[in-house]
Amino acid sequence: MTQLEQQGQCAKAAASVLAVTGTAKKNEALELIASALERRRGEILAANAADLEAARAANMRPSLLDRLSLSDERIGGIVEGVRQVAALPDPIGETVRMTTRPNGLTIGKRRVPMGVIGMIYEARPNVTVDAAVLCLKSGNACLLRGGKEAFQSNMAFVGVMRDALAEAGLPADCINLVQDVSRESATEMMHLTGYLDLLIPRGGAGLIRSVVENARVPVIETGIGVCHVYVDKDADLAMGAQIINNAKTTRPSVCNAAECLLVHAAVAEEFLPQAWALLRESNVELRGCAETQRILGDTVVPATEQDWDTEFGDYILAVKVVQNVQEAIAFINAHGSGHSECIVTSNYFTANEFLNAVDAAAVYVNASTRFTDGFEFGLGAEIGISTQKMHARGPMGLEELTSFKYVVYGTGQIR
């Protein structure tokens, strides 16, 4: 038995305990986790500093360094997220439907845990805590495999959480970290059919494609974020400039950052210089269509066809001038990744046309795409943002980590 299989076996045993653990005990464990993260933030930050030093030595680009970095403020946000999850209603045991059949059978549909949830993700150590606490509250054990860039940070986080679980009287193996961060371990996880009930990849396009194409266990696909902001002819242009600047520059490495700006031709001459005045403060590189180049001149790099489909994850923005909202919608549905899309407009009917026709997990009117986030949506945290169309779509919180069983009450009926 491999080390990963041993961890899977331990997680499966822990999951059977967690599945019948009450809400009060789970919330106690979550509060102990939050307190321990606060108390031991020094060792977490020291581990993160070691990861950052190695990443800088490997010439990791600044936007990815930002994803890897922890601070007192970010740990404070993680702790708040844990406490928000503790405060949320427990979905386990909820009966979502109950009916009585003509033969007297009473049939109910009840939420139950998935069992053991595996995650393969990249250099974002906060994901380790988000995933672990959402799994815990929803009654699932987890097997987490983070990227090698964040290994020391992930080890520190998981060590703190496992200690807190033991203090709460729950199996430490409810939360497990894969020690081997080689490509081989990722492949082995994809094939861990005897132990994993669900596998969730979270990261770049290459990672997600590899898991979707190669996994033998059920997968929820979290998508890359090729997100658009469309500024309509009836937009408040100052608002539009603020929205695209926020959506692109606040954290360009995250999946809800905007990668492409679409502008109605009727306002392009006026709007693009306004937007550029803000974007250039963050040294954003523009890759634009011919009309964008005409308006803004040599500051614009000519866009290639590949640019329209790229999640840059950096201070790069593709820009295209379109003739109307219908062209914007068609462009988004052709090139978007189904993640988050925004229209800036004061026209109610145009906004509704956009909302109805754009195919994405989250569609915004006059707000930044950066809000597509479990914390911002009131889910406490998220385990990922699903761009598929099955039972989970958009930020995945507690309910998306549950399954169902039918419970049937009879009085001696036979068929």
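The exercises below, each followed by a worked solution, deal with pockets, strands, a helix and two loop residues of a predicted model.

Residues are numbered from 1 along each chain as its sequence is written, and side-chain values use heavy atoms, with hydrogens and water left out. Since the model is predicted, local features need pLDDT of at least 70 and side-chain atom pairs count only at pLDDT 80 or more, while totals for chains, interfaces and linings use all residues.

**Exercise 1. Describe the largest pocket by its volume, its lining and the elements that supply the lining.**

Step 1. A pocket is an open set of points on a 1 Å grid over the protein atoms alone, where a 1.4 Å probe fits, with protein on both sides within 12 Å along at least five of seven lines; lining residues have an atom within 4 Å of a point. A volume is the space filled by probe spheres set on the points, which are joined across faces, edges and corners, and for the largest pocket this comes to about 990 Å³.

Step 2. The lining of the largest pocket holds 40 residues, and Tyr 121, Glu 122, Gly 203, Gly 204 and Leu 207 are those nearest its centre.

Step 3. Helices (H or I, at least four residues) and strands (E, at least two) are DSSP runs numbered from the N terminus. At least two lining residues of the largest pocket come from each of α4 (62-68), β3 (116-121), α8 (183-190) and α9 (205-214), and α9 gives the most, with six residues.

Step 4. With Ala, Val, Leu, Ile, Met, Phe, Trp, Tyr, Cys and Pro counted as nonpolar, Asp, Glu, Lys and Arg as charged, and the others, Gly among them, as polar, this lining divides into 16 nonpolar, 13 polar and eleven charged residues.

**Exercise 2. Repeat the description for the second largest pocket, and then examine α6, one of the helices that line it.**

Step 1. The second largest pocket contains about 760 Å³ of space and is lined by 27 residues, with Arg 124, Asn 126, Arg 251, Asp 373 and Phe 375 nearest its centre.

Step 2. α4, α5 (72-87) and α6 (126-137) each contribute at least two residues to this lining, of which α5 gives the most, with five. By class, the lining has eight nonpolar, seven polar and twelve charged residues.

Step 3. In α6, twelve of its twelve residues are buried (under 20% relative accessible area, with a 1.4 Å probe and protein chains only; exposed is over 50%, partly exposed in between). Among these buried residues are Asn 126, Asp 130 and Lys 137.

Step 4. The expected span of a helix is 1.5 Å times one less than its number of residues; for the twelve residues of α6 this should be 16 Å, and the end C-alpha atoms are 17 Å apart, which agrees. Just after α6, Gly 139 takes a positive phi of about 80°.

**Exercise 3. Work out how β12 is enclosed and which strands pair with it.**

Step 1. Five of the five residues of β12 (residues 340-344) are buried, so this strand is largely enclosed by the rest of the structure. Ser 340, Cys 342 and Val 344 lie on one side, Glu 341 and Ile 343 on the other, and both faces are covered.

Step 2. Two strands pair if DSSP finds at least two bridges between them. β12 pairs in the parallel sense with β7 (residues 227-231) over four bridges, where Val 229 stands opposite Cys 342. Four bridges also join β12 to β13 in parallel, and there Ile 343 stands opposite Val 365.

Step 3. β12, helix α14 (residues 348-357) and β13 form a right-handed β-α-β unit (with the strands pointing away from the viewer, the path from the first strand over the helix to the second runs clockwise).

**Exercise 4. Find where Asn 283 and Asn 366 lie and compare their exposure.**

Step 1. Most residues other than glycine have a negative phi. Phi is nevertheless positive in Asn 283, near 60°, and in Asn 366, about 60°.

Step 2. Asn 283 is in the loop between α11 (265-279) and β9 (285-288), whereas Asn 366 is in the loop between β13 (362-365) and β14 (385-386).

Step 3. Asn 283 is exposed, with a relative accessible area of 66%, while Asn 366 is partly exposed, at 30%.
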